[in-house]
Amino acid sequence: NDLIAPYPVFFETYDYIMLISINFIMRGYDMSLGRQAKVLTKHQQNAMVSYLTTTRNSSRNILIFLLSVKAGLRAKEIASITWSMVIDSDGAISDSIKLHNKASKGSSGGVIWLNQELIDALKTHHSSEYDPNDYVVTTERQKHTSPQVIVNMFQGWYKRMGFVDCSSHSGRRTFITGAARKISSVGGSIRDVQMLARHSSLNMTQRYIEADVEAQKKVVQLI
């Protein structure tokens, strides 16, 4: 195996395992996470939205999907958003989500800028009669859903669409990868992508970004 061949064979078992782990980490793998969720193509995103328009509670389902692929939200965050986080002082849908730390992973809350398609989806789903403390995503039986329910929704939708290796994290990876590929066109940098992803480490952000072989082929012609 080329991952371990350069090393002597006399290491104790623990050292041997640690060397393998280090090699995987250095080469961009994460043994604790296993296979990464697949990034969605634009065609897959459009196909999913088209499918969700045919489902019961379509406006809610489309909103859940867009919160994932257009804002990079995690399942916990999608389940935890309240209307007070997305409504401005005039009672209108804002251009950002003011995500509280308690609604995010660890202390990764903050301002989440919204894509226009996502703003429109929020407007469609928003009721004129609401309490600011109400959760944005609800079910027919409950006014608050759990992260696991959101995970299960994504699993069901991707299975129905035949999207292999996709999960509730696919939308977040799609968002981060898309931002990384386009950020330079608006004068930004990978640091801005890190802020959008709300990662404490730039290394973590880089792990989310899917490589593009075609882009690699093109860029070497510009050097």
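User: Which residue forms a salt bridge with Glu 77 at 2.7 Å between the closest N and O atoms, in addition to Arg 74?
Analyst: This is a predicted model, in which local features need pLDDT of at least 70 and side-chain atom pairs count only at pLDDT 80 or more, while totals for chains, interfaces and linings use all residues. Residues are numbered from 1 along each chain as its sequence is written, and side-chain values use heavy atoms, with hydrogens and water left out. A salt bridge is a side-chain nitrogen of Lys or Arg within 4 Å of a carboxyl oxygen of Asp or Glu. With 2.7 Å between the closest N and O atoms, the partner of Glu 77 is Arg 198.

User: How many residues apart are Glu 77 and Arg 198?
Analyst: Helices (H or I, at least four residues) and strands (E, at least two) are DSSP runs, numbered from the N terminus. Glu 77 belongs to helix 4, whereas Arg 198 sits in the loop between helix 8 (190-197) and helix 9 (202-208). The pair thus links distant parts of the chain, and the separation is 121 residues.

User: Is Arg 198 buried or exposed?
Analyst: Buried means under 20% relative accessible area, exposed over 50%, and partly exposed in between (1.4 Å probe, protein chains only). Glu 77 has a relative accessible area of 0% and is buried. Arg 198 has 10% relative accessibility, so the residue counts as buried.

User: Which residues are joined into one network by salt bridges that share partners?
Analyst: Arg 74 also forms a salt bridge with Glu 77, the closest N and O atoms being 2.7 Å apart. Both of these residues are buried. Through shared partners, the network consists of Arg 74, Glu 77 and Arg 198.

User: Which parts of the chain does the pair of Lys 70 and Glu 117 tie together?
Analyst: Lys 70 and Glu 117 form a salt bridge, with 3.8 Å between the closest N and O atoms. Because the two residues lie in different elements, 47 residues apart in sequence, the pair ties together the loop between helix 3 (58-69) and helix 4 (75-80) and helix 5 (residues 116-125).

User: What is the relative accessibility of Glu 117?
Analyst: Lys 70 counts as buried at 14% relative accessibility. Glu 117, in contrast, counts as partly exposed, and its value is 36%.

User: What percentage of the 223 residues count as buried?
Analyst: The protein comprises ten helices and two strands, in the sequence pattern α-α-α-α-β-β-α-α-α-α-α-α. Of its 223 residues, the buried portion is 38%.
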